[in-house]
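Okay, thanks for squeezing me in, everyone. Let me put the model up and then talk you through how its pieces meet.

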Amino acid sequence: MELVQKGGRPVKTLTPDQIEEVHELAAVLNKSQLAEYFGMTEKTFRAVEERQPEVFTAYRKAKAKAIAKAGSALMKGINRGDMRAIQFFLNFLSID
């Protein structure tokens, strides 16, 4: 589907370099913060994700990698017998 501009503001898109920035920053920033970083509203950022699926993919992959890294570190703490890590994990398991 090609976007047809009918006046108003130009349609925002992210360049390949900016998409790489999304991938790097999504581990530590949420969508609202990423939107601010790129000088747009969160609503506009979400519209960009819809128009450019590679932006959505970069964001989700970065979040998943960050979660996996944190989970791995948590499990290492548990395996070492770190009581704070064990308590955190058990509290997490009880959330339902």
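I'll go through the helix contacts and the charged pairs, with a few single residues along the way.

One caveat up front: this is a predicted model, so please keep that in mind throughout.

Let's begin with helix 1, which covers residues 16-25, and the way it sits against helix 4. Their axes come within 7 Å, and the crossing angle is roughly 25°. With an angle under 35 degrees counting as roughly parallel, helix 1 is therefore roughly parallel to helix 4. As for handedness, this crossing is right-handed. If you want to click on the residues, helix 1 puts in I19, V22 and H23, and helix 4 answers with E54, V55, A58, Y59, K61, A62 and K65. Sorted by class, that contact has six nonpolar residues, one polar and three charged.

While we're on helix 1, have a look at P16, which belongs to that helix. Is P16 buried or exposed? Its relative accessible area is 68%, so P16 goes down as exposed. From P16 to T57 the C-alpha separation is 13 Å, with the two positions 41 residues apart along the chain.

Okay, on to the charged pairs. In general, side chains of opposite charge can pair when their charged atoms come close. How many salt bridges does the structure hold? Two.

The one I'd like to spend time on is K31 with E49, where N and O are 3.0 Å apart. K31 is in helix 2, residues 31-37, and E49 is in helix 3, residues 42-51, so this pair ties together parts that are 18 residues apart in sequence. Both K31 and E49 are buried, by the way. For K31 the relative accessibility is 11%, and under 20% means buried, so that's the label it gets. And what does K31 touch, leaving aside its neighbours within four places in sequence? The list is E42, F45, R46, E49, F56 and Y59.

The other salt bridge is R46 with E42, and there the closest N and O atoms are 2.8 Å apart. This one stays within helix 3: R46 and E42 are four residues apart, so about one helical turn separates them. In terms of accessibility, R46 comes out at 39%, which means partly exposed. E42, at 31%, also counts as partly exposed.

Just a quick stop at T41, in the loop between helix 2 and helix 3. T41 has a relative accessible area of 47%, so it's partly exposed. Measuring from C-alpha to C-alpha in the model, T41 is 9.4 Å from K31, and the two are 10 residues apart in sequence.

Now helix 3 against helix 4. Here the axes are 4 Å apart and the packing angle is about 110°. That angle makes helix 3 roughly perpendicular to helix 4. From helix 3 you have F45, V48, E49, E50 and R51, and they meet P53, V55, F56 and Y59 of helix 4. Notice E49 in there, our partner of K31 from the salt bridge. By class, six of the residues in this contact are nonpolar, three are charged and none is polar.

Last pair: helix 4, residues 53-80, with helix 5, residues 83-94. What is the angle at which their axes cross? Roughly 120°, with the axes coming within 7 Å. Since 65 to 115 degrees is the window for roughly perpendicular, helix 4 and helix 5 are therefore called oblique to each other. This crossing is left-handed. The residues doing the touching are L74, M75, G77 and I78 on helix 4, and A85, I86, F88 and F89 on helix 5. That contact has seven nonpolar residues and one polar, with no charged ones.

One of those residues deserves a closer look, and that's F88, in helix 5. Although F88 takes part in the contact with helix 4, its relative accessibility is 52%, so it counts as exposed. Going from F88 to A35 takes you 31 Å between C-alpha atoms, and 53 residues along the chain.

That's my tour. Who wants to go first with questions?

Note on methods: Residues numbered from 1 in each chain as written. Predicted model: local features only at pLDDT ≥ 70, side-chain atom pairs only at ≥ 80, totals over all residues. Heavy atoms only, no water. Axes fitted to C-alpha atoms, helices over the stretch in contact; angles between N-to-C directions. Helix = DSSP H or I, 4+ residues; strand = E, 2+ residues; numbered from the N terminus. Parallel < 35°, antiparallel > 145°, perpendicular 65-115°, else oblique. Left-handed = near helix turned anticlockwise from the far one by under 90°. Contact = heavy atoms within 4.5 Å. Nonpolar A, V, L, I, M, F, W, Y, C, P; charged D, E, K, R; others polar. Buried < 20%, exposed > 50% of the residue type's maximum accessible area, 1.4 Å probe, protein only. Salt bridge = Lys/Arg side-chain N within 4 Å of Asp/Glu carboxyl O.
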